[in-house]
Amino acid sequence: MRDVAVLSFAQTPYKRREASRSEVEMVMAVVTEAIADSGIPKGAIGFTCSGSSDYIAGQAFAFVGAVDALGAWPPISESHVEMDGAWALYEAWVKIQCGAADSALVFAFGRSSMGRLPETLTMQLDPYTLAPLGIDAVSLAALQARSLLDRGGVTERDWAEIAVRSRRDAMANPFAQLRGESEVDKLLAEPYLVSPLRKHDCPPISDGAAAVVIAADDVARRAGPRPVWIRGIDHRIEPHQPGVRDLTRSPSTSLAGRKAGAVPERLELAELHAPFTHQEWILREALGLGEGLRINPSGGALAANPMMVAGLARIGEAAQRIRESGSGLALAHATQGHCLQQNLVCVLEAE
Amino acid sequence: MSDAAPGPAFSAHHVVEYTYRRSVGPVLGRFFTELRERRIVGIRRADGTVLVPPAEYDPDSGEALDEIVSVGPTGVVASWAWVRQPSAKHPLERPFAWALIRLDGADSSLLHAVDAGHESAMSTGMRVRPRWREATRGEIHDIECFEPEGAS
């Protein structure tokens, strides 16, 4: 295996609605910043991979438009996943492992504000038995949350505490969208949105973009900024039909964590892509993360949830934090699909 | 290039739809044909358990499945979520529950709506029965929704 490192990370401030910049302009800002911070000249980057969804852009092949942000000449080796940018990073990591490139630019973007996001997400479902019912993303998460309450060991108060902690941590994150002090009792006095979920259990709708540059071996060591090494990365998926799974557990996260070599006792922090409060609880259990571990110092997806970006941002945030602290291991997680259907775990180490 | 200060980005109206006509294949085809006759079927896995809706391949082993079995039509609510304000895309116009329904004879749950009138009428483990659409057409909406078994 080649040693691959995260060299740089850039993100836009996340907003409910990005009205003045197109996707291309958002992408250009973060790509330019990530390349400049990586220490690798733009022309020397061997591969580019992006993550986005044409359903969110509302236009077929919208992802091709974003390539405008990279410049039209000279030709580059480029790819795209119709997924969160964390999976674009995985593809780039594989490309580098294969020896087809020594460095890669990864970016992701999403402007969810252009449509009605919960309904747009209905279109990711089985088009025969699920999508025709019109079930939206919040309702599916609420079915999962109810299963978890029925299983026991967790309460709605525990979830509200996760929301309070996330918004408080987000006060130190200039890119976060939803931040501030809140009180558990006040949150619990709010009506249900789709019971048993209240508004604070759900993520904000966010527009934004992010970019990461990764590189291998000596290319990474020579590049300049302190590299944060990817010690393991793996992703796994579960069946699509929600009624086939035990929604209260995430075996795909557990397996991805094992394959990525995550050892909970050695971690400094974890950035978990849990768009709903109860999902953080499920992910902690799946990864065996103890009470003492710092979870989502960025505020996580409850503070900003740009679709197709929030998973990549977890990797970038985790890498940035251990780079700043100088040493240690961090875990970053990304999810995709409804009710944590697909999960990616990345273990990072700063030297 | 214009020197004008940047204004709002250009925007255009798009309708996002998945407008393809699709063939449902032998297994879901049978499921929908049976729904038209107001019957519900699942498919048996190698370990004897029954999946509803039926799948062509076992979600764990990938093995091809072909033994269709009758289930339900009544069942038990395995999980539910109460919708106070239905959207235009939802199957009912008044407050209702989404539910994962374990039909009698099945080992997985079917997702559908339950018309229970009020949230307090919902509970995990409650029994429900389908309310069939008057003119069935061989699609998931042939079941309008489920309703509490005791309801008149």
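1. Let's start at one end of the big sheet in chain A: A:Ala270 sits opposite A:Ile295, a residue of strand 10 of chain A. The two strands involved are strand 9 (residues 267-271) and strand 10 of chain A, which pair in the parallel sense through 2 bridges. Keep in mind throughout that this is a predicted model.

2. Zooming out, that pair belongs to an open sheet of 10 strands in chain A. Reading across, the order is 3-2-4-7-1-8-12-11-9-10, and the pairing is mixed. At the edges you'll find strand 3 (78-81) and strand 10 (294-295) of chain A. Each has a single partner strand, so one side of each has no neighbour in the sheet.

3. Helix 1 (residues 23-38) of chain A packs on this sheet. The strands touched by helix 1 are strand 1 (4-11), strand 4 (103-111) and strand 7 (207-216) of chain A. If you compare directions, helix 1 makes about 30 degrees with strand 7 of chain A.

4. On to the domain split. Chain A is divided into domain 1, made of 4-114 + 205-228, and domain 2, made of 117-202 + 231-350. Taken over C-alpha atoms, the centres of domain 1 and domain 2 of chain A are separated by 23 Å. The contact between them draws 39 residues from domain 1 of chain A and 38 residues from domain 2 of chain A.

5. What lines the largest cavity? The lining is made up of A:Gln11, A:Tyr14, A:Asn173, A:Ala176, A:Ser298, A:Gly300, A:Ala304, A:Ala313, A:Arg314 and A:Glu317. By class that gives 4 nonpolar, 4 polar and 2 charged residues. Helix 12 (residues 310-325) of chain A gives the most to this lining, with 3 residues. The volume comes to about 50 Å³, and the structure has 3 cavities of 30 Å³ or more.

6. Now the sheet in chain B. Here 3 strands form an open sheet in the order 2-1-3, with antiparallel pairing. Strand 2 (50-51) and strand 3 (68-71) of chain B are the edge strands, and each pairs on one side only. Strand 1 (residues 40-44) of chain B is joined to strand 2 of chain B by 2 bridges, the two running antiparallel. For a residue to click on, try B:Arg44, whose bridge partner in strand 2 of chain B is B:Val50.

7. Chain B has its own helix on the sheet, too: helix 1 (residues 25-36) of chain B packs there, touching strand 1 and strand 3 of chain B. The direction of helix 1 of chain B makes about 155 degrees with that of strand 1 of chain B.

8. Some backbone spots to check before you set anything up. Which peptide bond in chain A is cis, with omega near 10 degrees? That is the bond from A:Ser195 to A:Pro196. A:Pro196 lies in the loop between strand 5 (192-195) and strand 6 (197-198) of chain A. In chain B, a cis peptide bond joins B:Gly72 and B:Pro73, with omega at about 5 degrees. The loop holding B:Pro73 runs between strand 3 and strand 4 (75-83) of chain B.

9. One last backbone point: A:Phe61 is not a glycine, yet has a positive phi of about 60 degrees. You'll find A:Phe61 in the loop between helix 2 (54-57) and helix 3 (62-66) of chain A.

How values were computed:
Residues are numbered from 1 along each chain as its sequence is written. Chains are lettered from A and ligands numbered from 1 in the order in which they are written. This is a predicted model: local features need pLDDT of at least 70, side-chain atom pairs count only at pLDDT 80 or more; totals for chains, interfaces and linings use all residues. Side-chain values use heavy atoms; hydrogens and water are left out. On a 1 Å grid over the protein atoms alone, a cavity is a set of points where a 1.4 Å probe fits but cannot get out, and a pocket is an open set with protein on both sides within 12 Å along at least five of seven lines; lining residues have an atom within 4 Å of a point. Grid points are joined across faces, edges and corners, and a volume is the space filled by probe spheres set on the points. Helices (H or I, at least four residues) and strands (E, at least two) are DSSP runs, numbered from the N terminus. Ala, Val, Leu, Ile, Met, Phe, Trp, Tyr, Cys and Pro count as nonpolar, Asp, Glu, Lys and Arg as charged, and the others, Gly among them, as polar. Two strands pair if DSSP finds at least two bridges between them. Contact means heavy atoms within 4.5 Å. Axes are lines fitted to C-alpha atoms, for helices over the stretch in contact, and angles run from 0 to 180 degrees between N-to-C directions. Domain bounds come from an automatic or database domain assignment.
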